Structures are given as C-alpha cells and as structure tokens.
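Q: Could you take me through one part of this model closely, the parallel sheet in chain A, and then show me what surrounds it? I would like the cut-offs spelled out as you go.

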Amino acid sequence: MTKRIAIVEDEAAIRDNYAAAFRREGYVVDAYEARAPALNAFESRLPDLVVIDINLKDDVEGGFELCRELRARAAELPIIFLTARDSEFDAVSGLRLGADDYLTKDISLPHLMARIAALFRRLDALQKPQAAESRITRGDLVIDTERMTIHWQEQPVGLTLTEFWLVHALARYPGHVKNRQQLMDAAQAVLDDNTITSHVKRIRRKFLGIDPSFDAIETVYGMGYRWLSD
Amino acid sequence: MNLKRQLLLVSLLTLMLPWAGCEFIRETESALRRGQEQMLEATAGALANTMAQYDEEFPRQDDAFRVSDQLYLHELAGRPEVDGYFDDWSLGTGSLRSLRGTDGPIRFAVGLFDQTIYLYVRVIDHDVVYSNSQALVLDDGSRHTDRISLVSSNPPYRYETIAFAAEAPGKILSYRQSANGIASEPTITAHWQDTPGGYQLEARLPAAILGTHLGLVIHNTDDTANPGTRSSSFSGRTPGPSVRLSSYLNAVADRLVKAPLRLIVTDADGWRIAAAGALSARSPAGGRLGVARRVYGLLVEPGENAASAEPDPSGREQQTYVSSALQGNATPDWFRSDESGRAIVAVAAPITANGKTLGSVVLQQGTDAILSLTNEGLARLINVTLIATLLVAGTLLGYATWLSRRIRQLSVAAEAALDNESLQSALPSALAGDEVGDLSRSFSSVLKQLGDYNEYLRSLASKLSHELRTPLAIVTSSLENLEHEPLNDASVGYTTRAREGADRLRRILSAMSEASRVEELMADFEPEPFDLRAVLESTLNAYRDVYKHRSFSFDCDLGEAKMSGSPELLIQLLDKLVENAVDFSGEGDTIAIGLAASDSGLEMSVTNPGPPLPERMRSQLFDSMVSVRAGKDSRHLGLGLYVARLIAAGHGGRLDADNVEGGVVFRVSLPRS
C-alpha cells in the first residue's frame, strides 16, 4: 500500500521540492501551505506521516499547534518537524509535543528520505510480532533495531530517531570510541559539535531518568564517545 | 588641576572681601581724619584770633639777631640739685643744644624754675686747664684757663659776663664782670665736675641778676699762656634775646584748651612761648586686639612719625607745618604712632596782628575716637572675613568633592559598563537635573546605543544564518532533485559545483549560529567536577591527529587540576584557540599549551609563533564579527574568539590576549571549583 505523506510548509519552493522528492520515492504527497487547510484535509483523512514546518506564514507557532492537534488525534502518527529554527529550545518544545524527530532544513534529501523510511519501517515492525534476531542486548540495554526501541533495565527509553541511531551506533561495539563524524553518519544527519553534545546530554538524561546510576556513555575528550559495558 | 583645586582657587576670591573691607576702613579713617583736620583748623583759627589780642605778650622781633643767637629757657618741672649732673633735670638730652668746640661738641641747656635760672654745660676737653685763686677770670688776662662764661645783656644798658672757672673739680666760685669791674657773685651756685675727656658744669643763678639777652661762651685753652679758642652760642658781639614761656599766655592757653587737645603757641621764630592741654595718653585698644592692632597698622595710611608731633625738646617748633604757618598759611598735618597705630592730627595757624605775623598757634588732637571706631570695625571685619572665607572655602571644597565624586562615579560606572558589557545598566546621577545629570543621560544613551549595536552585531550572525537557511534549503533541495533528472555531463559538473558551493554556505551558516547555540548551552549548563589536566591531555592527542603539520607541547606543573564546569565547552574553547593558533602559525611550528595555577584559580594558555596582534583592535579582539586577521583567510568571520570568550565568561573566567616574543599568547583564567 502506498504511503501517504502530508507536508505542511509555507515556502512554496521548498514544499514543491520536498513533494517532488517524496513522490519520486513512491509516496503519495499532500502539500499544504498553512495550518487551517491541512487540518481541514486531515478531518476527512489522516496521512501516514506528516512533515511540518513550525513557522507557517504569519502563524509563527502554527507547526507546534498542528503537531499538538494531530498527536491528540492519532497517537502513533509519525510527525517530523522540518524547520529553519535550530534553537535547542524549539527542538525540545517540538519533541515534547510528541514529534518523532526534529530536523533542521540543513538536512539533505537523502538523509530525510532515510529517516522517513526508518519511521515507516518502525511503524510496520510494531504491527508484526517481535523478532528475536532484531534484538541486541548489552547488559541492561536491549535494542530492538526493527521497532527502533531501546529498553534499559527492561524499561522503555523514549528516544527520538536521531537519539536511537546514536545509541545504536555506540552500543553496537561497546568500548570502541565513536568520533563525531561516525556518529553523524550513523544518525543520518549533518550535525555540528554542539548538537552532538546536546544529543548525548539528552540521551544521558533520559537514561538517568530510569536509572540514576547510569554511566554507560563515556566522553573521550577530543575524540568522541564510547559505550561501556560491564 | 582637578576640580577640587580649581574651586579652591576660586574660593580665594573671597579674599577680595577683606581687601574691600580694608579699603573701606582706610577710606573711613582718612575721611574722619580730614573732618577732624577741618574742625581743628577752624578752632586753631579762632584761637589764633584770640591770641592776637595779647600781641604785647609776644616777644618783639629784633632783626639784629638771628634765631641761633637766642637761647631758650626751658621751663623745668622740678628744682635740680646743683651737683654737676644733668640727670635730675626734667628735660631729655634732646633739649641739649650743641656748639662746636675745639675738642668736640659742647652740649648745654638753660632751664628756668621758680625765677631761678639753671645752666648745664658739658664740654669735651682733652686737657683741662684749671685756674688758681689769684688768676682773674678775664678774657685779656695774662694767665688763661678753661672757663665758661654766661653773657647777659639788657641792651642798650647792661653788658655783663658771669664766668665759671675751677681751681679744682667741685663747688666753684663764679665771677661777675660788669662795667664796674670783677667781683665774685655769691648768689650763684656752681658745681664743676670732671668727666672722662672733659668736664661739665651745673650752675644756679637768680633770674633777677640776668638781663633779657643771654649767651654762652666757652674758652678752651691748653696752656695758661695761650688764650685758646672761644666757642659762642651767638654769632655777633652780643647775644640775642632769650626766650621763655610766657606765663600770661600760658594761663590764657590753659583756659582755652583742655586735654585731649594740645595747644602750643610759638613766637614768630617758632620758639614755644605757651603750651596747654595734652594728648590723651590712653591706649585705645587692649592687648586682646594686639593682632588687630598690627593688622590695622599695616592697613591705614602711614603718616609722619608721631614723635615729631611732640613739642620740640629744643624749645623751637621746627615742623614744616609750623614754619608754613609762620609764613602766614594755616596748615594741617598729621602723624601716626607706630606702636599704637593712632594718628595725631595737627594744625598750625598764624597769629597776625596789624598785618604782622606774631607767631603761630599749633593745635593737636589724637584720633582715638576714629581708631577705636575703625578698630572695632576692623576686628569685626577680620572675624567676618575669616568666617566667610572659611565658610566659602569649606562649601566650595565640599561642593567640589561632591561634584568630582559624582563625575568620577559616572566615569567609573561608564567604564565599568563598557568593560562588563552591561551597557543597559543605569548610571549614577541619571535623575539629576543639572549638567552632570545631562552628561549621565547622554552617557547612558551613548552606552545604550552601543549596547544595542553590540546586541545587533551579536545577534546578526545567528539572525543572518537563520534567515539564509530557508533560501539555502531551497537551493540544496532543488539541486538534490535536479540530480535525479537526466542530465548531460556538463550539467552534472555544474550541479556538483553548485552543491559544493551550497555546502560551503551551509558550513558558514552553521558557524555563524554557533555563538547562539553556545549561549543556549551555557544557559542550562550544569557544572560537573572534572580534571582539566586529564581533559587537556586527551584533547591534545586529538589535535596531534588533526593538525599533522604542527607540533603541540603541553606544559603543566599541576598533578591534577580539578575544576567545575563543562569539559565539552572548555574543549570547544580550546578548539577555537588552537584553530586560531594554527591559522596564524606556519608549517612545523610548535603550539604551546600550558596549564598553571594562578591567584584566582587556573590559567590555561595557548601560545603560537606568528605575527603580533595589531594594537589598534586589541579591545575588540573578542567581539562578535571582528577579525583582526589581514586577509589571509577571507572566510574567517571573527566568531571563533567571540565564542571562546562566551565560554570563558560562562565559566566565570576571562580571556586575554597578549603579544609575546615572536608570537601571541591567549590566556584563559578560570576559577577553581
């Protein structure tokens, strides 16, 4: 079944470019330039994935509003923020509203496609029974590469796609230092040092929320990070 | 010169006050004195008229004699002992008249007390020749001795000489030589006294035996055979008329004038023939005002010496104003005492009768009233001035201190605001309505504008990168779409180049927004304790991998350097400094990284060989969008050091740059945990 992607973006050129790229990948694309027409259309039919810009013309926070309403309506619907706003605050706000990923417009189309594909793959995997071979276990850590979920001490850790890929890259070969470039490649993104630092910090915080004694991610100053297994 | 000194100098202007006061006092004193002069002049005129009625009491002028031919008979206050000494005379030595003698000046005085005439003569004589009993006291005798003769005449009838010659010092006999011959005169008492270098004689004679004209002749010889030389008080053959106080005029004067006025009546030659009254001797001011007295003496017009106002001890008034009166003009004059400061106003008026000047009236009065008046004024003036000057100086000093403190506070606050980048903070005196307030407000507005501008610069990079991100996304997404279209070889080349350009643009934009991301990180950064030395060593290894064409040295005396902060951010700071150091140094150069303990905590330094920092832009080195680099790399936006400073400041430290021998050092001071 062909997946349907809705893109809500006020900038016509970008909207058309993304739409063209999605269509080329075989998706059905509905493009909207503002919140109201998008919501109207979603009344009758929900897409399989939504790409939202935060700033929608005069509706400065329109993307956030839209995300909130969509999430209220469909808990499982993958939502991706694709925006020019690169501030930490916006990213945190977006993710807190339940978005599956927060991407800046720096991202290249292939990276974007990889993420969308990954999200669809996870959606599919959730409907299938859990497959043992897709599980990686590292001590207290359990990674389900199909569903893209991570459990620590048997509790689910709510990670975004980027965070998942980072943890996955680190935990796959415990003890190996992964430098920033390797982490970027793994996360299918072009990130600068500060963004990686923030991501790692956020990942640590999420693990610490479950286990206050968590210290499996070690910073190797000047080099990168590595996963410590017991 | 600072404001305080300037105002203190201005306060000296209050010294004009005493100056003006002194001018006023001086003017007042002069005016009062002139008034007194006028009053005295009028009185003197009236007195002169009164005196003119007693014209027969005035000595007749005799043109045959000169003034120097006359002797003045001083009125004595008491009866002197005839013992050859002058000290019991009630006269000062100033009353002694001088004659030229062979061996030295001869001094003598003639006094009058109770119808008795007293004579005192002191002669310098190196060789006193005494007489003997047989020797006659004669001018033409065969034997000559030293002797003193009193010549008395009553022209045209009598001419007598009373001679004093000693056989030995002590009481001597005197001889009277008249037309009738020589006889000893028992009514005369005389005492001859030898002195070192001469002798002195004191004699008492009844006035009755003497004529109206008196003269003194001293014979000095060295040898009994030699007549010797003759010194005489008169120049002609006979002496001039002697002058004495007129008891009648004195009585009249006594009736007319009382203290504190003093009246002196002179004859036509200036000889004093009557005197009455006295100047007040009372000191007008007590010792308490001694200082005021001295100041006063300096202030007022100096006059002639007060001693000149006293009756002339010689008996003849010779002051100019008296002489002038004797020429027929009433003349005022005034004197000032140095010690007491008081002035004496004197007026001389001619006494004329039948067109002839008989003499003069000299009227004198002290200015005690003026003195006490002006003195009081002066004392008050000095006090008021002193208080006023102190008050003004104190006020101005306080004011200057206050003013300069405000200005200093303002300048310190402005500098502090500039240094700390807290450009919006309120400056002192901002609410004041005066010029300092204006200055403060102008400063504030300048600082605010500067702050706005800095803020604009600071946000410019991130705003710009934000604004450029959407068009860049259009470009890159279009290019990525284009790559999926069928393209010929040439088009592929162009797209690739366009992709590369867009990529470069993206990196620049991400560098531009780095500062704002660091600021964000700093906002919610949780300090963690860590060992800076370990972090630096680990990082240094990474640099050695990345920058293969530079060597890195690490210099650290500390075993470990515990601090609290964000190691990631500090590494980012070091990244910036090292990037900077690499850019400015050449291939193969050694970049020295150091870590040492400092007063405030830790000091991390990065030293690189290379061109020195230009002085001109030193202060702006760490500002946003400022690059001091000279064209080596046009992609440098001047954000690296700004980010480095943000991180240092976020850790409570500071970043400094300095030129060192052959290179540049950047120092990061960090507080220890």
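A: Happy to; here is the sheet, followed by its chain, the contact with the partner chain and some parts of that partner.

This is a predicted model, in which local features need pLDDT of at least 70 and side-chain atom pairs count only at pLDDT 80 or more, while totals for chains, interfaces and linings use all residues. Residues are numbered from 1 along each chain as its sequence is written, with chains lettered from A and ligands numbered from 1 in the order in which they are written.

Let's start with the sheet itself. It is open, has 5 strands in the order S2-S1-S3-S4-S5 (chain A), and its pairing is parallel. Strands (E, at least two residues) and helices (H or I, at least four) are DSSP runs numbered from the N terminus, and two strands pair if DSSP finds at least two bridges between them. Strand S2 (28-32) and strand S5 (101-104) of chain A are at the edges with a single partner strand each, so one side of each has no neighbour in the sheet. From one strand to the next, the twist averages 20°.

Further in, strand S1 (residues 4-8) and strand S3 (residues 49-52) of chain A run parallel and are joined by 4 bridges. Within S3(A), Ile52(A) stands opposite Val8(A). Helix H3 (residues 62-73) of chain A packs on the sheet, where it touches S1, S3 and strand S4 (79-83) of chain A, and its direction makes about 175° with that of S4(A). Contact here means C-beta atoms, placed from the backbone, within 7 Å; axes are lines fitted to C-alpha atoms, for helices over the stretch in contact, and angles run from 0 to 180 degrees between N-to-C directions.

Now the chain around the sheet. Chain A has 8 helices and 12 strands. Of its contacts between residues at least 6 apart in sequence, 56% join residues at least 24 apart. The average pLDDT of chain A is 87, and 98% of the residues score at least 70; pLDDT is the predictor's confidence in each residue, from 0 to 100. Within chain A, S1(A) has the highest confidence, at 94, and helix H7 (residues 180-186) the lowest, at a mean of 85.

Next comes the partner chain. The contact between the chains takes 26 residues from chain A and 28 residues from chain B. On the chain B side, H7(B) gives the most, with 10 residues. That side divides into 8 nonpolar, 13 polar and 7 charged residues, where Ala, Val, Leu, Ile, Met, Phe, Trp, Tyr, Cys and Pro count as nonpolar, Asp, Glu, Lys and Arg as charged, and the others, Gly among them, as polar.

Chain B also has a helix pair to look at. H9(B) and helix H12 (residues 640-650) of chain B pack at an angle of about 10°, their axes 9 Å apart. This makes H9(B) roughly parallel to H12(B), a label for angles under 35 degrees. Among the residues that meet are Val518(B) and Met522(B) in H9(B), and Leu646(B) and Ile647(B) in H12(B). The contact of H9(B) with H12(B) has 7 nonpolar, 1 polar and 2 charged residues.

For strand pairing in chain B, strand S5 (residues 147-154) and strand S6 (residues 158-164) run antiparallel, joined by 7 bridges, and a hairpin of 3 residues links S5(B) to S6(B).

Terms used: Contact = placed C-beta atoms within 7 Å. Parallel < 35°, antiparallel > 145°, perpendicular 65-115°, else oblique.
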